[in-house]
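Okay everyone, thanks for coming. I'd like to walk you through a structure today, so have a look at the screen and then we'll go through it together.

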There are 2 protein chains.
Amino acid sequence: METFKSEKEFLTSYNIHDFDLPLTTVDLCIFSLLDQSLKLLLVRRSDYPYKDCWALPGGFVDIKQDMNLEVTAIRKLEQKTGVKTPYVEQVETFGNQTRDPRGWSMTVLYFALLANSDAITDSGEEVCWVTLAEAKKIELAFDHQDLIHKAIDRLRSKVSYSTLPMHILPATFTLAELQKAYEIIMDRSVDKKAFRRRIDSAKLLVETGEMRQDGGRPAKLFKLKKSAETHFYNRSI
Amino acid sequence: METFKSEKEFLTSYNIHDFDLPLTTVDLCIFSLLDQSLKLLLVRRSDYPYKDCWALPGGFVDIKQDMNLEVTAIRKLEQKTGVKTPYVEQVETFGNQTRDPRGWSMTVLYFALLANSDAITDSGEEVCWVTLAEAKKIELAFDHQDLIHKAIDRLRSKVSYSTLPMHILPATFTLAELQKAYEIIMDRSVDKKAFRRRIDSAKLLVETGEMRQDGGRPAKLFKLKKSAETHFYNRSI
DNA sequence: CTAATAGTGTCTATTAGACATTATTTC
DNA sequence: GAAATAATGTCTAATAGACACTATTAG
């Protein structure tokens, strides 16, 4: 290797293309609660490889345009859904020789939570919302079945010890709706009293003053406190 | 964009260097318990950028040599420590415009746990083990201060609800030694009875039959059961 | 015997789960 | 009134934390 007298001199002669770099993409597992089910968004690929296959939304990091990885994720998400400020969380990075036929590639997987009110489907591209069971039966591009599995694992495990589902609901919601969100994601019922004690203890919600009625006694509407971060409990639900 | 008749045709004409790709590295936060403290391994950089600065061990993904990202991590770890089968876990991926003066770069951060018996220091390069407090005071290369912070956060939080510290001890150990490992990592004392109940409930340890003595009554030695995976508790310690 | 460390017994406070009860609405 | 949904009261079982106690070694 050459030697340089200073960092500046080194950088001047540094050429990024002297080395073989992995392809680098960001993929998203976008979740929403639709028709009382947890669903995720798939898009049909318009280009090779895996042309016409269903896949997770995502794409290359654009180093000209994106300040950082999360910006890439949010940009891709807005392209497909129109939503600008969803809840986004990095899950894991997958990189190996075989996952992309173009060569050694890595993808940074994020999951996003969208309120059903934001889960529109009128994009120009072919997109669709599918349940987890439906997704499993579809032949997806790349290793996207594995990515979905990891994203769901992360979502499920986190829901059991945090207030994460507050971010998959619209701006205001009832406690019954919040409980239902937990139940759909965890795929099991939870006790109402225990659930409310738990939510109460996090102190993240405030009453809006409004009520919502659904066939019986009207329920109080709640919203997240300003600057409410996800709360983590000491015990699983 | 051109159109292709088949995936094969597309791949033939695909040139990886047509696009600007981020630099991709793997960095490691290697933890060990030395002198009753949690320490991590730093290496002095021999090349630009940040020549002669202390940094986390790591380096470029070698797409000719490495089958996947974890192999890259384990290869780097073996280069610096000689240890071939440590506990390794992916933490998070950091990617942005500014973290590397050479350009848009991303690094996949792993942490590794080494038994103190494996924590040798006689590599050819300049390496050293430092406490967390010492690391904070050193001017590290790139954004490695941030990476260390994230790795410690992950380690600490995971220790509070799992059996992770079993992997930072030698093959056999006493329950007192295991408890001390928890205490050092979490930086607080834990109750002996509650701790032993908890470890017992995970059912991951078996007695070796041997004893170890340390000034008083001899203590039973334990080892991990074959194929023992980390256990996750429903409640934090 | 004392000192040191290993290991156990047991009480208490907390709290999740179960489930019954009351409250408020529409019809 | 009945039916539906919201909200609360209360008992019980599980268990983490506290801490006292017993056990086994060395000297």
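Find A:Asp191: one of its polar side-chain atoms sits 3.3 Å from a base nitrogen of DNA strand C. That makes a polar contact, which here means a pair of N or O atoms within 3.5 Å; within protein, one must be able to donate a hydrogen and the other to accept it, and residues adjacent in sequence count only if both atoms are side-chain atoms. Before I go on: this is a predicted model, where local features need pLDDT of at least 70 and side-chain atom pairs count only at pLDDT 80 or more, while totals for chains, interfaces and linings use all residues. Residues are numbered from 1 along each chain as its sequence is written, chains are lettered from A and ligands numbered from 1 in the order in which they are written, and side-chain values use heavy atoms, with hydrogens and water left out.

Back to the DNA. A:Arg197 has a polar side-chain atom 2.7 Å from a base nitrogen of strand C, and B:Lys193 also has one at 2.7 Å from a base nitrogen of that strand. Which elements give two or more residues to the surface near DNA strand C? They are α6 (192–202) of chain A, plus α6 (192–202) and β10 (219–224) of chain B. Helices (H or I, at least four residues) and strands (E, at least two) are DSSP runs, numbered from the N terminus. The largest share, four residues, comes from α6(B).

Now the whole neighbourhood: 21 residues surround DNA strand C, and among those that come nearest are B:Lys192 and B:Arg217. "Near" means that a heavy atom of the residue lies within 4 Å. Of the strand C atoms that come within 4 Å of the protein, sugar and phosphate make up 51%.

Let's move inside. The largest nonpolar core has 46 residues, and A:Phe31 and A:Phe111 have the most contacts inside it. Such a core is a set of buried Ala, Val, Leu, Ile, Met, Phe, Trp, Tyr and Cys residues joined through side-chain atoms within 4.5 Å. Buried means under 20% relative accessible area, exposed over 50%, partly exposed in between (1.4 Å probe, protein chains only). Helix α5 (residues 175–186) of chain A gives the largest share of this core, seven residues.

Last, chain A overall: six helices and 10 strands, with 51% of its 237 residues counted as buried.
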